[in-house]
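Here's a quick tour for anyone meeting this protein for the first time. Have the picture open and follow along.

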Amino acid sequence: MSNYDVVIVGGGPIGMACGIAAKKAGLSYVIIEKGCLVNSLYNYPLFMTFFSTSERLEIGGAPFMSLAPKPGRQEAIEYYRRVKQMHDLNIHLFEKVEAVQSAATNGARYTITTSKATYHANNVVIATGFYDFPIYMDVPGEELPKVHHYYKEPHYYAYQKVLVIGANNSAVDAALETWRKGAEVTMVIRQQEIGARVKYWVKPDIENRIAEGSIKAYFQSSIAAVRDKEVDIITPEGIVTIENDHVLAMTGYRPDFTMLERFGVELSADWKRCPVYHPDTMETNLPGVYLAGVVCGGMETHKWFIENSRDHADKIIKHITISSPLQ
Ligand SMILES: Cc1cc2nc3c(=O)[nH]c(=O)nc-3n(C[C@H](O)[C@H](O)[C@H](O)COP(=O)(O)OP(=O)(O)OC[C@H]3O[C@@H](n4cnc5c(N)ncnc54)[C@H](O)[C@@H]3O)c2cc1C
């Protein structure tokens with residue numbers, strides 16, 4: 001079958017929530033995911049802990065049990081896999097959506113072309129997240145293999161000179177984990193202090209490690225260049241060059257704006273590049289094309305997360321069923 005009421009692009013937690021809501025409403029749907037199930041979570045650091053408690057990560061009424069109040073990546077992956085099973089969700093994995101075109105064929109408003117097939121649907125939900133595109137520093141040497149924009153686990157960095165760039169959760173977790181496994185860690189932080197959004201139980205840990213000198217931090221600083229064995233740091237006192245083996249550039253991620261524009265979704269003209277949508281219905285400038293989850297924030301990637309975007313699913317499906325009631 002290639003004709004659906006709804007095609008959902010992205011099999012993250014929010015794309016899954018949309019699938020569950022569509023199924024509950026009796027709509028035909030398919031979720032198309034370019035990687036594995038909850039691909040972003042799969043790519044998170046192995047030992048990361050969510051800032052949300054487990055019940056706030058729940059979708060589709062399935063209880064999320066975890067022994068600690070805040071679950072880790074492994075538990076979350078396990079949970080979402082069970083949710084897929086419980087709701088028998090129709091998900092096509094390892095299939096990338098390449099185009100969404102307004103074309104009144106097969107009695108449907110949109111034609112959706114993927115790496116494997118063509119689909120037709122009256123409604124499309126874009127729930128593509130932001131974790132596939134790192135924000136680059138644009139400095140010489142950033143392309144060197146020792147510069148990483150994703151951090152997985154600490155062992156690789158043991159007994160190495162590691163530079164961590166950034167001051168938010170990903171940077172702080174990477175700095176503390178690698179330092180605890182024997183890395184010599186230096187942080188380069190643009191602001192005057194550690195980010196205010198750093199998990200409240202982790203913030204004192206990093207601040208104390210910096211205060212005692214275990215982790216060296218350059219505040220109000222940025223990177224000028226990366227070389228094989230060194231990095232240049234622009235500090236308030238001038239350029240400082242330090243020895244270095246690895247750079248963990250935890251400089252954030254951004255949605256795929258090119259893809260959104262190619263699909264025809266309007267973006268705000270300011271730096272936020274926020275996709276335009278109606279807050280009550282999540283419908284974009286294209287009738288029947290909706291946004292769900294963290295993609296909605298544009299460059300403000302901290303604005304939406306699982307716990308505050310789960311309800312996008314119900315808003316969207318309610319609007320679809322009101323706009324085109326089932327015959
Ligand atoms: C380290 C880290 C910790 C976090 N901790 C929390 C937390 O504690 N609590 C919380 O609520 N949120 C947290 N978040 C945010 C949360 O994980 C994300 O908000 C969540 O993954 C968002 O779900 P989503 O479904 O909107 O997007 P995603 O989970 O990113 O899903 C988008 C999916 O779309 C797929 N995709 C993209 N383009 C295409 C395409 N063209 N075709 C097909 N598929 C495509 C991607 O592969 C991906 O699987 C955290 C994020 C990070 C990075």
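## The parallel sheet

In this predicted model, 5 strands line up in an open sheet with parallel pairing, in the order S8-S15-S9-S10-S11. Look to the edges and you'll find strand S8 (147–148) and strand S11 (216–218); each has a single partner strand, so one side of each is left without a neighbour in the sheet.

Over at the S8 edge, 2 bridges pair S8 with strand S15 (residues 246–249) in the parallel sense. Val147, for instance, has Val247 in S15 as its bridge partner.

## A helix across it

Helix H4 (residues 169–180) lies across strand S9 (161–165), strand S10 (184–188) and S15. Against S10, helix H4 runs at about 165°.

## The antiparallel sheet

There's also an open sheet of 3 strands, ordered S12-S13-S14 and paired antiparallel. Strand S12 (222–226) and strand S14 (238–243) take the edges here, and each has a single partner strand, so one side of each lacks a neighbour in the sheet. From one strand to the next, the twist averages 30°.

Strand S13 (residues 230–235) and S14 run antiparallel and are joined by 6 bridges. If you want a spot to zoom in on, try Ile234, whose bridge partner in S14 is Ile239.

## A nonpolar patch on the surface

Which residues form a nonpolar patch on the surface? They are Phe51, Tyr200 and Trp201, and together they have about 350 Å² of accessible area.

Phe51 sits in the loop between helix H2 (39–42) and helix H3 (73–86). With a relative accessible area of 41%, Phe51 counts as partly exposed, and it can belong to the patch because patch residues need over 30%.

Definitions and conventions: Residues numbered from 1 in each chain as written. Predicted model: local features only at pLDDT ≥ 70, side-chain atom pairs only at ≥ 80, totals over all residues. Heavy atoms only, no water. Patch = residues over 30% accessible without salt bridge, like charges linked within 9 Å, V, L, I, M, F, W, Y side chains within 5 Å. Areas by Shrake-Rupley, 256 points an atom, 1.4 Å probe, with all protein chains shown as cover. Salt bridge = Lys/Arg side-chain N within 4 Å of Asp/Glu carboxyl O. Helix = DSSP H or I, 4+ residues; strand = E, 2+ residues; numbered from the N terminus. Buried < 20%, exposed > 50% of the residue type's maximum accessible area, 1.4 Å probe, protein only. Pairing = 2+ DSSP bridges. Axes fitted to C-alpha atoms, helices over the stretch in contact; angles between N-to-C directions. Contact = heavy atoms within 4.5 Å.
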